[in-house]
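Trainee: Please walk me through this structure, beginning with the ligand and then moving to single residues. I will ask for a value or a name each time.

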Amino acid sequence: MPSLSSSNIANNLAQIQQNILEFCDKYHRQPQTVRLLAVSKTQSAEKIRTAFNAGQSCFGENYLQEALQKISDLDDLPIEWHFIGAIQSNKTRELAENFAWVHSVDRLKIARRLSQQRPSTLAPLNICLQVNISNESSKSGFNALDIGAGVDEIILLPNLKLRGLMAIPAPATHLTEQRTTFAKMHKLLKPLQTKYPQLDTLSMGMSGDMQAAIAEGSTIVRIGTAIFGARKPSAL
Ligand SMILES: *Cc1c(COP(=O)(O)O)cnc(C)c1O
């Protein structure tokens, strides 16, 4: 018999996959264009293993030391690891060596270092540029006005594969308000995609705003709480 918590994780994953399908239908999106990233920060390796066994293969982590421990504990599983947290420039080597994706590239210097430090034995590192879409002084990220210049430089870095844009908007409770912000992201990506057709990613949408994100073109939704339950209050 699976423990209660492991069946909860499997049920939650099934429920979210179902919601993704429903929102894709509602907003005329192709379901295969929306991927689910399970955000496992503060969750145990055991819970990640349970989610993997239930069919989830990509996991997002925010804290490097915690992530490296889990990557090591779970190295028997073919998990695709995504980094979605704040980046200190002296930690880029560990990111470059251990992750398949980094969503939270928030300045040019970080992109240059990740490209220099990506081992040549690995495929290019997939990255997204984080955009400070709500213009919050507390949040890092490219300013929407500077993103074009950032993309023009970063697209040329040899060991990176620039995939698109990522955002963590200021909290908003209503669907229309959430959609307005995500629509800005879509509008930012569009001309960049015309110039660089390989840009295929909008990383946006969390447990509280997944519907709005899918409505406005998200291709990766990053979901934590709705899969694993509430995190401990001391953690982010
Ligand atoms: C924690 C986190 C998430 C997941 O948030 P939930 O509300 O738990 O779904 C997504 N993206 C980022 C960048 C996060 O830090």
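Trainee: How far does a backbone N or O atom of Gly 224 lie from an oxygen atom of the ligand?
Mentor: This is a predicted model, so the distance is computed from predicted coordinates. The atom of Gly 224 is a backbone N or O, and its partner is an oxygen atom of the ligand. The two are separated by 2.8 Å.

Trainee: How much of the ligand does the protein bury?
Mentor: The reference is the ligand taken alone, which exposes 390 Å². Of that area, the protein buries 90%.

Trainee: Which residues come nearest to the ligand?
Mentor: There are 13 residues around the ligand, and the space taken by the ligand is the largest pocket. In the side chain of Ser 207, an N or O atom is 2.5 Å from a ligand oxygen. For Asn 62, a polar side-chain atom lies 2.7 Å from an oxygen atom of the ligand. The nearest residues are Lys 41, Asn 62, Ser 207, Thr 225 and Arg 231.

Trainee: Is His 82 buried or exposed?
Mentor: His 82 belongs to strand S3, residues 80–83. Its relative accessible area is 1%, and the cut-off for a buried residue is under 20%. His 82 is therefore buried.

Trainee: With which residue does the side chain of His 82 make a polar contact of 2.8 Å?
Mentor: Beyond its neighbours within four places in sequence, His 82 is in contact with residues including Arg 35, Cys 58, Glu 61, Trp 101 and His 103. The polar contact of 2.8 Å runs from side chain to side chain. The partner of His 82 in it is His 103.

Trainee: Which residue follows H2 with a positive phi?
Mentor: Helix H2 covers residues 45–53, and Ala 45, Ile 48, Thr 50, Ala 51 and Phe 52 are buried in it. The residue after H2 has a phi near 110°. That residue is Gly 55.

Trainee: Does Arg 113 count as buried, partly exposed or exposed?
Mentor: Arg 113 is part of helix H5, residues 108–117. Its relative accessibility is 26%, and the class between buried and exposed runs from 20% to 50%. Arg 113 therefore counts as partly exposed.

Trainee: Which residues does Arg 113 touch, not counting residues up to four places away in sequence?
Mentor: One of them, Thr 92, is in helix H4, residues 92–98. Thr 92 is buried, at 0% relative accessibility, and has Arg 113 among its own contacts, along with Ile 110, Leu 114 and others. The residues that Arg 113 touches are Ser 89, Asn 90 and Thr 92.

Trainee: What covers the buried residues of H5?
Mentor: The buried residues of H5 are Ile 110, Ala 111, Leu 114, Ser 115 and Gln 117. In strand S4 sits Val 105, whose contacts include Ile 110, Ala 111 and Leu 114. The cover includes H4, strand S4 (101–105), strand S5 (125–131), helix H6 (147–154) and strand S6 (160–167).

Trainee: What separation do the C-alpha atoms of Val 105 and Arg 118 have?
Mentor: Val 105 counts as buried, at 0% relative accessibility. Val 105 and Arg 118 are 13 residues apart along the chain. Their C-alpha atoms are separated by 14 Å.

Conventions. Residues are numbered from 1 along each chain as its sequence is written. This is a predicted model: local features need pLDDT of at least 70, side-chain atom pairs count only at pLDDT 80 or more; totals for chains, interfaces and linings use all residues. Side-chain values use heavy atoms; hydrogens and water are left out. Helices (H or I, at least four residues) and strands (E, at least two) are DSSP runs, numbered from the N terminus. Buried means under 20% relative accessible area, exposed over 50%, partly exposed in between (1.4 Å probe, protein chains only). A polar contact is a pair of N or O atoms within 3.5 Å; within protein, one must be able to donate a hydrogen and the other to accept it, and residues adjacent in sequence count only if both atoms are side-chain atoms. Contact means heavy atoms within 4.5 Å. A residue is near a molecule or strand if one of its heavy atoms lies within 4 Å of it. Accessible areas come from the Shrake-Rupley method with a 1.4 Å probe; for residues, only the protein chains shown count as cover. On a 1 Å grid over the protein atoms alone, a cavity is a set of points where a 1.4 Å probe fits but cannot get out, and a pocket is an open set with protein on both sides within 12 Å along at least five of seven lines; lining residues have an atom within 4 Å of a point. A molecule sits in a cavity or pocket if more than half of its atoms lie within 2 Å of its grid points.
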